[in-house]
There are 2 protein chains.
Amino acid sequence: MSQTFTPLSTLGEFGLIQRMSERLAGVARSSRLIEGIGDDAAVYQASEGLLHVITTDALIEGVHFDRTFIPMSFLGYKAISVNVSDVVAMNARPLYATIALGVPRNMSVEMVDSLYDGLQIGCKKYGMELVGGDTSTSHALYISITVVGEVAEQDVVFRRGANVGDFLCVTGDVGGAYAGLKVLLDQRQALKDMGDQYEPDLDAHQYVIQRQLRPHARLDMIEAFKKAGIKPTSMIDISDGIASEVHHIATKSGVGATVRIPALPFDPETRAVADQFMDDIDAYALFGGEDYELLFTVDPSQVALVDALEGCSVIGNIEEATKGIRAYSPDTGLMPLHPSGYQHFNPDSENLDVLGPDHFQDSRS
Amino acid sequence: MSQTFTPLSTLGEFGLIQRMSERLAGVARSSRLIEGIGDDAAVYQASEGLLHVITTDALIEGVHFDRTFIPMSFLGYKAISVNVSDVVAMNARPLYATIALGVPRNMSVEMVDSLYDGLQIGCKKYGMELVGGDTSTSHALYISITVVGEVAEQDVVFRRGANVGDFLCVTGDVGGAYAGLKVLLDQRQALKDMGDQYEPDLDAHQYVIQRQLRPHARLDMIEAFKKAGIKPTSMIDISDGIASEVHHIATKSGVGATVRIPALPFDPETRAVADQFMDDIDAYALFGGEDYELLFTVDPSQVALVDALEGCSVIGNIEEATKGIRAYSPDTGLMPLHPSGYQHFNPDSENLDVLGPDHFQDSRS
């Protein structure tokens, strides 16, 4: 077989997904498919007035997690959360999950049980049923989950609905998952350096470690939205950091946006970690990712409802597309906000390669 | 961490799936879920009179396939077919697919394109739309696909519906995929032995090689059933061989069954391969697997319709549970039929470990 080889790294993850969309563009679209590849989840008509959404996400050992680092039950829970988070980002609630597991032969039955426990706790937490599974041996632990959810037709929210004049908002607090990652990497290094002498000190960092290892999908917040009468105009979950997510919303909606840096909500523990490592805490939120909070926009008529809702912050504005995507702080004024980081934000790429998401991104490959 | 380690091999694949069901049994079942884990696909109510089905299946390099063995486009097509086959086995038609890919860094863009091509050809073939994708690097090539399908409520067919007196039937011909595997393994050995001197002779084996590398899901047959007015009482697709599948139907339906060996339909090319290797051709069909034909049962009132349908064979009878699962041939009379093989059927386990499915089965671990 003669074959010209182009290295995969020339494409990157987004390139691969783009290429998949293009290659498969010839496949006829049915009138029942409302949204295909390109949002947090695909959306299709299930019945009159009711939509179903579907999303798939895989966690792969050595790429998305380090098995020596995360308890198996946390990993099971996290795998459920990251998928439910994509469903929630459509303003939908999860119904059913299927799981394909690749299990290396050096895992014990007890570890698999612990993984199952985490999956079960996740399913219970989100009121979802596991309806199908496929299990095989594999070289590394591989967890691929698909979730189907539902949403009333009038309630569905896409990335593409933001309008000029809307307010940009976020649920919960941000940057915590990246702070947790910093702590865990630091402890691992200390363990390497000191061996058995080392006694891990994790008590002071419980919250941020949980944010990293056992994130929650904000199903509770979309229920709170419904109760409060809030319908976002656009929404996305924060898997890659606010900078990247606001770019997705702006690009899909054909608008610009400004993120007001002083408005970013941080937990005190996240601040303490950033101080300890002398890091720029804003970078944790903008580029760290894995917070699985919801970034959303609302019409100005609804901003008072958001203000009244506990656990929501208004962090910016939607503007004309010509203004681009910017960050504002009193120190720097208005600056362009790139999706993949400030120039001075240069995390240890080897570490991110082991634990971070989106290893394919040019900045990290 | 103190942990007692029980080797995974003590459980096996069925044990792992069983354990998953048990561990997750505490999760509340909704009234809309009609069938969870335990059939070819899960079934849930989509709207009044309409059911959706969902299934997940993963193909893992080194476990389910050898990358040097199967063209990437065939692999993409096969990955689609094996999932559609599970949907078809519920008498449903496929609507949407999501794909999670783990791509090793040593794959080229051209190989990924070829894989996408195969996925696209598969989606087109079955009239299905790819609506979601997730792509990551991984250690080996990992393809996990989920398919959602639909079926009218009165048309759905489960494994559990076979009744005493029903006829056992199969679509197409069987044993071909295993014959193709034998040919491919033989050619690989010759290549190893002879190196560059070797000129592969595959022309005589086109059909069986296609059966192994590029199987079709029998969506055409369930359309033919509908046209002919046939509604099977139970159905399953043949991924593990007729012996294993008839056990699934019998166990779920609480019945016994007899497979009439002389009635098994073989392609002449499959016969030629079995002759060439001096193998028992019946074993190819009963234990070889991967044919992705449909094994189904019909009420006696419908057997004339099946006889009239091209590409269907009646191969046995459903009996009382007390009679067990048996095979009949004029030579041996009635003999118990075990799911995992005759004692004299002892394929090269190393080869099956590389290419065969269900590597976790005790007989092959």
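**Two copies, one shared surface**

Of the interface residues of chain B, 100% are also interface residues in chain A, so the copies meet through the same surface. This is a predicted model. The contact between the chains takes 71 residues from chain B and 71 residues from chain A. On the side of chain B that touches chain A, the elements giving two or more residues are α1 (12-23), β2 (42-47), β3 (50-60), β4 (93-103), α3 (109-125), β5 (129-137) and β6 (142-152) of chain B. Among these, α3(B) gives the most, with 10 residues. By class, this side of chain B has 34 nonpolar, 25 polar and 12 charged residues.

How are the two copies related? A rotation of 180 degrees, with 0.0 Å of shift along its axis, superposes chain B on chain A. The RMSD is 0.0 Å. The two copies are thus related as by a two-fold rotation axis.

Turn now to a sheet in chain B. It is open, has six strands and shows mixed pairing. The strand order is β1-β2-β3-β6-β4-β5 (chain B). At its edges stand β1 (33-35) and β5 of chain B, each pairing on one side only. Neighbouring strands of this sheet are turned by 25 degrees against each other on average, direction ignored. Inside the order, β4(B) and β6(B) run antiparallel and are joined by nine bridges. To find one of the paired positions, start at Thr98(B): its bridge partner in β6(B) is Thr146(B). Strands β2, β3, β4, β5 and β6 of chain B also appear in the list of elements that give two or more residues to the side touching chain A.

Helix α3(B), the element that gives the most to that side, also packs against a helix of its own chain. Its partner is helix α2 (residues 72-88) of chain B, and the two pack at an angle of about 40 degrees with their axes 6 Å apart. Angles under 35 degrees count as roughly parallel, and 65 to 115 as roughly perpendicular. α2(B) and α3(B) are therefore oblique to each other. Their crossing is right-handed. Which residues meet here? From α2(B) come Met72(B), Ser73(B), Phe74(B), Leu75(B), Gly76(B), Tyr77(B), Ile80(B) and Ser81(B). From α3(B) come Met111(B), Ser114(B), Leu115(B), Tyr116(B), Asp117(B), Gly118(B), Leu119(B), Ile121(B), Gly122(B) and Cys123(B). The residues of this contact divide into 11 nonpolar, six polar and one charged.

Look at the corresponding pair in chain A. The axes of helix α2 (residues 72-88) of chain A and helix α3 (residues 109-125) of chain A come within 6 Å and cross at roughly 40 degrees. That makes α2(A) oblique to α3(A). α2(A) passes α3(A) in a right-handed crossing. Residues making the contact include Phe74(A), Leu75(A), Tyr77(A) and Ile80(A) of α2(A), along with Met111(A), Leu115(A), Leu119(A) and Ile121(A) of α3(A). By class, the contact has 11 nonpolar, six polar and one charged residues.

Next comes a second sheet, followed here in chain A. It is an open sheet of seven strands, again with mixed pairing. The order reads β8-β10-β7-β11-β9-β12-β13 (chain A). Where are the edges? They are β8 (234-237) and β13 (333-336) of chain A. Each has a single partner strand, so one side of each is left without a neighbour in the sheet. The twist averages 25 degrees from one strand to the next. Strand β9 (residues 256-260) of chain A and strand β12 (residues 325-329) of chain A run parallel, joined by four bridges. Val259(A) has Ala327(A) as its bridge partner in β12(A).

One more helix pair remains, back in chain B. The axes of helix α4 (residues 176-194) of chain B and helix α8 (residues 268-276) of chain B come within 9 Å and cross at roughly 45 degrees. That makes α4(B) oblique to α8(B). Is this crossing left-handed or right-handed? The crossing of α4(B) and α8(B) is left-handed. On the α4(B) side, Gly176(B), Ala179(B), Lys182(B) and Val183(B) make the contact. On the α8(B) side, Thr270(B), Val273(B) and Ala274(B) do so. By class, that gives four nonpolar, two polar and one charged residues.

Key: Residues numbered from 1 in each chain as written. Chains lettered and ligands numbered in written order. Predicted model: local features only at pLDDT ≥ 70, side-chain atom pairs only at ≥ 80, totals over all residues. Axes fitted to C-alpha atoms, helices over the stretch in contact; angles between N-to-C directions. Parallel < 35°, antiparallel > 145°, perpendicular 65-115°, else oblique. Left-handed = near helix turned anticlockwise from the far one by under 90°. Contact = placed C-beta atoms within 7 Å. Nonpolar A, V, L, I, M, F, W, Y, C, P; charged D, E, K, R; others polar. Least-squares fit on C-alpha atoms with pLDDT ≥ 70 in both. Pairing = 2+ DSSP bridges.
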